[in-house]
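Hi,

Here is the structure I promised to pass on. Have a look at it first, and then read my notes below.

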Amino acid sequence: MGNRSSLLKGHLPRPTLYQTHHHPITTGNRGGQGVALGYRRFVWFPTVVAECRSRLLQAGFRELKEAEHWDIQPEHKYFVTRNYSTLIAFAVGSRYQPGNGFSLIGAHTDSPCLRVKRRSKRGQVGLVQVGVETYGGGIWSTWFDRDLTVAGRVIVKVSLQRLVWVKRPVLRIPHLAIHLQRSVNESFGPNTEQHLVPILATTIQEELEKGAPKAGAPCAADAQTERHAPALLSLLCSQLGVKPEQIVEMELCLADTQPATLGGAFDEFIFSPRLDNLHSCYCALQALIDSCEAPGSLSQEPNVRLIALYDNEEVGSESAQGAESLLTELVLRRISATPQNLTAFEEALAKSYLISADMAHAAHPNYLDKHEENHRPAFHKGPVIKVNSNQRYASTAVTEAVIREIAGRVDVPLQEFMVRNDVPCGTTIGPILASRLGLRVLDIGCPQLAMHSIREMCCTSSVLQSVTLFQVRARPAPLHPAAPTPHPLQPIPPPHPYSYRDCRVSPSSR
Ligand SMILES: [Zn+2]
């Protein structure tokens with residue numbers, strides 16, 4: 001079984017997973033610090049595409065623009081972003097010919113959160129507040145009593161997009177004292193319009209602060225000072241080095257300032273915001289970068305290795321940059337395009353395989369009856385294949401057989417999840433991409449608890465297991481529907497040189 005035992009144990013992957021050249025991690029406390037330093041930036045920065053972009057550039061990927069002509073060459077690496085919230089990165093094998101397949105991994109970059117309204121100025125009883133809108137299906141009660149901040153993008157005159165991130169706690173949604181709501185422990189369901197409005201400052205302090213732009217300064221009806229609290233604008237302006245009147249528009253998310261960390265008696269858990277689905281994004285990105293760095297890796301590759309990290313999954317994927325958009329098809333067509341073969345794209349799709357990576361529900365010890373007894377994913381026991389006959393997940397017997405074959409080769413254990421018949425089933429990008437493109441898709445994800453809480457929980461070994469699995473590229477041959485014994489795998493030369501190194505976050509990538 002080789003590495004299987006090490007992959008099953010949480011404490012073995014941890015020291016190597018986040019190891020850096022500067023801070024070799026050998027003990028629990030230092031390991032926790034290593035994660036907090038190395039992993040938190042990826043999971044914390046709310047515009048995660050910026051972090052992916054910088055890591056890809058450092059790994060030698062070239063940025064493409066949708067509006068420009070692409071000249072795609074074998075053994076080269078590229079990426080493209082849309083709306084700065086969706087990213088597609090790919091590496092072309094040396095032996096690639098138009099019509100060859102795509103080895104794809106899909107995930108999503110967005111998570112439920114609170115977003116600053118376009119006119120956010122609010123306040124009562126001497127307090128400056130910020131109006132927010134809910135995005136996605138969050139567990140909103142978990143946003144109370146957290147040290148919150150804002151991050152996102154600001155459009156500055158003239159048509160300049162700037163990313164902003166206030167790196168300290170500036171907002172708070174306080175609970176109402178139990179003395180004023182005695183039934184809070186029986187049921188707590190905040191009104192999302194009334195009760196989720198964070199506090200930014202007191203009005204008296206805001207007026208005392210000299211740096212805060214005054215309302216009524218040179219302002220037309222739509223000036224930012226009319227729409228947002230001076231204290232909020234002041235924070236953004238000092239971060240960006242601009243004046244309030246230079247700010248044209250903004251898209252800001254609220255985020256928890258507490259960085260991700262290791263936890264548990266043996267440091268075998270990751271406590272983190274947005275595990276769903278930055279865990280999968282991180283693993284897909286790291287697997288793509290590392291797989292290209294392996295010596296000779298691309299020189300033997302006949303396929304295109306591609307990861308697609310989509311925005312807007314949490315609200316149904318129907319947007320210009322969501323999985324439902326034409327973006328994936330357009331990118332795949334542009335990669336395949338050649339005057340010599342007008343059906344290269346169609347031929348490629350029939351040879352392709354997509355891993356749709358999104359987190360899965362681990363069985364909760366306090367709510368065991370929510371899981372069907374034969375399908376209870378557990379920590380350290382591997383990524384979870386998600387199956388649903390009603391097509392909430394796109395896995396089929398064939399795509400499952402492929403991943404089992406791959407996982408067996410690299411000793412990554414797998415688990416299965418099917419929802420109880422009397423419990424509603426979630427869904428993800430897998431069925432969307434399967435139906436849009438006719439791809440063979442597998443839905444898979446690592447087990448976690450507290451999905452859609454502001455602070456979620458998974459196990460350390462799941463990162464190593466995912467990166468290992470994602471690095472081994474499936475190269476399924478075309479499957480004939482009538483084929484009696486589907487065996488879609490070709491040999492994968494050379495044998496995968498698996499090592500812990502695969503999961504390391506190199507210092508240069510930060
Ligand atoms: Zn998700």
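First, a definition: helices (H or I, at least four residues) and strands (E, at least two) are DSSP runs, numbered from the N terminus. Keep in mind that this is a predicted model, where local features need pLDDT of at least 70 and side-chain atom pairs count only at pLDDT 80 or more, while totals for chains, interfaces and linings use all residues. Residues are numbered from 1 along each chain as its sequence is written, and side-chain values use heavy atoms, with hydrogens and water left out.

Let's start with one residue, I307, which sits in strand β13 (residues 304-310). I307 is buried, because its relative accessibility is 0% (buried means under 20% relative accessible area, exposed over 50%, partly exposed in between, with a 1.4 Å probe and protein chains only). Leaving aside residues up to four places away in sequence, I307 touches L87, I88, A89, I105, A284, L285 and L288; a contact means heavy atoms within 4.5 Å. The C-alpha atoms of I307 and F90 are 6.3 Å apart, although 217 residues separate the two along the chain.

Now zoom out. The protein has 14 helices and 20 strands, and buried residues make up 55% of its 510 residues. Of the contacts with a separation of 6 or more, 75% are between residues 24 or more positions apart.

Next, the metal. Which residues hold the zinc ion as protein donors? They are H108 (NE2), D276 (OD) and D358 (OD), with D358 listed twice, at 1.9 to 2.6 Å from the ion. Donors are N, O and S atoms within 2.8 Å of the metal (3.2 Å for Na, K and Ca), and water is not among the atoms, so sites may look incomplete. The 4 donor atoms subtend angles of 53 to 140° around the zinc ion, so the arrangement is irregular. For reference, four donors count as tetrahedral if all angles lie between 85 and 135 degrees; four count as square planar and six as octahedral if opposite donors are over 155 degrees apart and all others between 65 and 115; anything else is irregular.

In sequence, the donor spacing is H-x167-D-x81-D. H108 in strand β4 (residues 102-108) and D276 in helix α9 (residues 275-293) are 168 residues apart, so this pair links distant parts of the chain. H108 is buried at 0% relative accessible area, and D276 is buried at 3%.

There are some backbone oddities too. Most residues other than glycine have a negative phi, and most peptide bonds are trans. The bond from D276 to N277, however, is cis, with omega near 15°. N312 has a positive phi near 70°, and S317 has one of about 70°. N312 lies in the loop between β13 and α10 (327-336), and S317 is found in the loop between β13 and α10.

What about disulfides, meaning pairs of cysteine sulfur atoms within 2.5 Å? The count is 0. C253 is in none, and its nearest cysteine sulfur, in C113, is 3.9 Å away. The sulfur of C281 is 6.2 Å from the closest one, in C52, which is too far for a bond.

Last, look at helix α12 (residues 397-409). In α12, the buried residues are T399, E400, V402, I403, I406 and A407. Seen down the axis of α12, they fall within an arc of 155°, so they line one face of the helix (the arc is that of the directions from the helix axis to the C-beta atoms).

Enjoy exploring!

Conventions: A disulfide is a pair of cysteine sulfur atoms within 2.5 Å.
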